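Visitor: Hi, I'm new to this one. Could you walk me through it?
Guide: Sure, let's have a look together.

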Amino acid sequence: MATRKRSPRAPTGATATATAPPADTDAAPAGGPAASPPARQPITVNDLWQMERVGPPSLSPDGAQAVVAVQRFSMDENLGRTRLWLLSTLGGAPRALTSGDKDTEPAWSPRGDRIAFLSRREQEGSKDEEAQLYLIAPDGGEARRVTSRAGGIEAFKWFPDGRRIAFIAWVWPDERGSEAQARRHQAWKDRKTSGYVTSEPLYRFWDHHLPQDRVPHLHLLNLDDGSVTDLFEGTPCELSRTEPTASGFDISPDGRRIVFAFNPAPEKRIDGRQALYEIELDGARLAGAPRAIVQDEAWDCHSPRYSPAAADGSERVAFIASHQGIKHTMPQQLAVWERESGRWQVESAAWDHDVEAPLHWEDDGQALLFGAEERGARHLWRFDLPDQRAERVHAGGWVGGFDKVAGTVALALDTLDHPPQILALLPGEPPRRIEAFNDALLARLALGRNEVLQVTGARGDAVQVRLVFPPDFDPARRWPVVHTIHGGPHAAFGDNWHWRWNHHLLAAAGQVVACVNYHGSSGFGHAFADSITHRWGELELQDIEAASDWLLAQPWADPQRLYATGGSYGGYMVAWMNGHVPAGRYAAYVCHAGCFDWTAMFADDAYDWYAKELGAWYWDDPARIAAQSPHSRAGHMSTPTLVIHGALDYRVPDAQGLAYYNTLKARRVDARLLWFPDENHWVLKPANSRLWYEEFQAWLSSHVLAPAQTPAVMVGTKRLAATKTTAARSRRKPV
Ligand SMILES: CSCC[C@H](NC=O)C(=O)N[C@@H](Cc1ccccc1)C(=O)O
């Protein structure tokens, strides 16, 4: 097969040298804010779950305050509680706004008098089964439930007048009116059958089945009289079934129009192409039929945003467009539609980055703010439309949600050394923290340093590697080295905090953690991301092996304790490695939610992508699919492996992990299974997460290669032959 001419074992980076370009080097001090060193301890899984998880901010109309949802977990109760907090951008102390357990998605009203949020509460004699919309005054008091919608509310957005709210809820499209919807919902709840019946190509997503026979419609809630109108009733329009979020639509500054992303194809597929449609409102009614303003079958268009009101009455809609007609890996680009001409164009064509939602217009209508990845960071960018140039508004770390009002930016930012924190950016001032949620906890933790280097990977390209060191790292000693291989493949491990693959927690177990942003990773330009198309596994392995060569050449690396671990596509990679890397190089693998067999992976929710990513449908070219599938190399697998999978994972169904585990067992390879009946692609419950970290570490710590197995650094395509295939059990205690 043409794409497999080069041996995947050939280490392009055999002579890899480490370079640490200044722009990529961010060695962190050993720890957070100053505190007395003896008090600092390595981070534990309990510390991780004690940290408060701060959500994206929504600013008050004067920019003086931000409201955020903060989630706190209890390991003992094995659950989390989320409530709202108010943060001052001017220096005041944070204040708890609500005391509910499930208060999320807060959004400040444009008039500043109320904050809307979603919650499930027991209030006024009734208990919400699904999330409903609530309002609360910023100075506190009781929150008021403003919807009681069977089936609940998915997402919402304020109208600019602050008196109406547009919200998304699932409806039976053949029913008319709220009462008919409620009756149908009741009948659905009362049914005695449990079978899910569908003719849709897309019926489940990541961890849930899409509501059977229902579609997400946009509704208008008038807060003055409580009336609700289904704005899509009687039309074929609907919002994204997989991601029915507030990013999918926008309301014009005069409140008379709504633009939304809509895939007009009769069959909605995971790789569908969305157009932009617009509706006009006459009060609470539709004035005329919805009309397409941007529609091109080759393009997927989404996340529309109206430009601010302009003195000359001109109006534009900014959105994200991806030319799927050229290639499925094409970047998400910034595009703008003009009402006057009815035309649209891509603005960021010369800027090789993926633009990420949400988009935010600057008040002057000349630029937009958004987040975009670059070399393992996610900066906040300002894209100037007249110049078609991007500049960083906040550089470094990983920007999550943000808001900008009255010149003030509030943003959620995490780094490898810090869970999400909220920063205020005021004109002419350096970024300032406006909360201190995790400071006391972080002050007693010792976090090791991290550094970024480059190795020469596949095709002679520079490949970024991030290392995270144990807090007590001493280069004079020998340390185990653990690859954590990211998923995607079009994603990256960068300068960001990870709750599930927390690199400091893994390093605290006394090992150096290596994260390779292999070919295919996001943030390194389109060509790099696309380079692995139709040849999955090949270049990625060369990159990881080049990094391993470099690591094994370090005097501090223990060649008997080199491990590779990864989740999802990272799990695919470790299963691939087991079939392609000779035994004796890695002491053990951990495969979390890994893809094992691309043909059987047709049971997942993303099967529509396969021909694009792998180069063929399995029925057209089985050999081509098999050549990219780890299971084809089962006969070569002998490295001990811990397989982890969740039964509720519909992206990589657990049959993948079970088939891998069973294969290893049938081959009498040392293997262990950690299977969760109640977790999905991710392990999200505190107690299960603790078990995950314990099993993960115990597995690595109990596998050490015998000295005779220790491989030399790979040279060209040769390596020392491994003499044994069974890992020795060490006397080290599992961590
Ligand atoms: C088109 S690439 C795969 C989509 C997606 N990427 C983002 O995370 C994804 O779900 N990746 C999985 C692994 C996977 C890859 C291909 C098909 C199904 C699953 C992951 O790594 O999280």
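**Salt bridges and cysteines**

Guide: Aspartate 461 is partly exposed, at 24% relative accessibility. One thing to keep in mind is that this is a predicted model.

Visitor: Okay, and which side chain does aspartate 461 meet in a salt bridge?
Guide: That's arginine 459, at 3.5 Å from N to O. Arginine 459 is partly exposed too, with 41% relative accessibility.

Visitor: Which residues get joined into one network by salt bridges that share partners?
Guide: Asp254, Arg257, Glu278, Arg291, Glu315 and Arg339.

Visitor: How many salt bridges does the count come to?
Guide: It comes to 43. Among them is aspartate 439 with arginine 433, where the closest N and O atoms are 2.9 Å apart. Aspartate 439 has a relative accessible area of 25%, and arginine 433 is at 25% as well, so each counts as partly exposed.

Visitor: Switching topic: how many disulfides does a search of the whole structure find?
Guide: Zero.

Visitor: Why no bond for cysteine 301?
Guide: Because the closest cysteine sulfur, in cysteine 237, is 15 Å from its own, too far for a bond; a disulfide needs the sulfur atoms within 2.5 Å.

Visitor: And is cysteine 301 buried or exposed?
Guide: Buried, at 0% relative accessibility.

Visitor: What about cysteine 515?
Guide: The closest cysteine sulfur there is in cysteine 591, 17 Å away, which is too far for a bond. Cysteine 515 is buried, at 1%.

Visitor: Last one: which annotation covers residues 497-703?
Guide: An unreviewed UniProt entry gives "domain: Peptidase S9 prolyl oligopeptidase catalytic" for that stretch. Over residues 497-703 the chain is 38% helix and 16% strand.

Methods: Residues numbered from 1 in each chain as written. Predicted model: local features only at pLDDT ≥ 70, side-chain atom pairs only at ≥ 80, totals over all residues. Heavy atoms only, no water. Buried < 20%, exposed > 50% of the residue type's maximum accessible area, 1.4 Å probe, protein only. UniProt positions renumbered as here; feature names shortened; annotations may be inferred. Helix = DSSP H or I, 4+ residues; strand = E, 2+ residues; numbered from the N terminus. Salt bridge = Lys/Arg side-chain N within 4 Å of Asp/Glu carboxyl O.
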